[in-house]
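Please study the sequence and the model shown below before attempting the exercises. Each task is followed by a worked solution.

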Amino acid sequence: MLLQKRAASKYHSQNLWTNTCCSHPKPDENVDRAAIRRLTEEMGMNNIPLHKKFFFIYKAPFDNGLTEHELDHVMIGYYNDEPKINEEEVESWKWMKIEDVKIDMIQNPDIYTV
């Protein structure tokens with residue numbers, strides 16, 4: 001799994017590890033197109049076929065007093081190159097096995113986003 005460390009300039013969850021990328025669709029933009037757009041904008045990853053896996057309702061307080069409450073769509077794709085990160089969005093990145101992510105989130109919850 002490709003993880004990103006959020007940039008220090010982000011308005012919440014700065015310098016925390018999180019999923020590859022996430023965003024909100026623009027008005028009249030469908031979720032599939034928004035996912036492709038944000039992969040390109042944040043990670044420099046182009047033309048990756050994405051497959052919808054599932055969705056869920058998410059509600060969590062942030063570290064800045066705000067609360068996020070949304071419907072999240074989870075998609076996967078496969079990529080073998082190094083990302084070309086947008087440093088305004090992303091501080092760093094790393095590949096991890098999903099099993100290792102699960103263990104690390106239990107052992108080090110303070111370094112991950114909610």
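The exercises that follow concern salt bridges and a surface patch.

The model is predicted: local features need pLDDT of at least 70, side-chain atom pairs count only at pLDDT 80 or more, and totals for chains, interfaces and linings use all residues. Residues are numbered from 1 along each chain as its sequence is written, and side-chain values use heavy atoms, with hydrogens and water left out.

**Exercise 1.** Determine which parts of the chain the salt bridge between lysine 10 and glutamate 89 ties together.

Solution. Step one: a salt bridge is a side-chain nitrogen of Lys or Arg within 4 Å of a carboxyl oxygen of Asp or Glu. The closest N and O atoms of lysine 10 and glutamate 89 are 2.5 Å apart. Step two: lysine 10 lies in the loop between strand E1 (2-6) and strand E2 (17-18), and glutamate 89 in the loop between strand E4 (67-76) and strand E5 (90-95), so the pair joins parts 79 residues apart in sequence. Strands are DSSP runs (E, at least two residues), numbered from the N terminus.

**Exercise 2.** State whether lysine 10 is buried or exposed.

Solution. Buried means under 20% relative accessible area, exposed over 50%, and partly exposed in between (1.4 Å probe, protein chains only). Lysine 10 has 18% relative accessibility and therefore counts as buried.

**Exercise 3.** Locate phenylalanine 55 and classify its exposure.

Solution. Step one: phenylalanine 55 belongs to strand E3 (residues 51-61). Step two: its relative accessible area is 58%, so phenylalanine 55 is exposed.

How values were computed: Helices (H or I, at least four residues) and strands (E, at least two) are DSSP runs, numbered from the N terminus.
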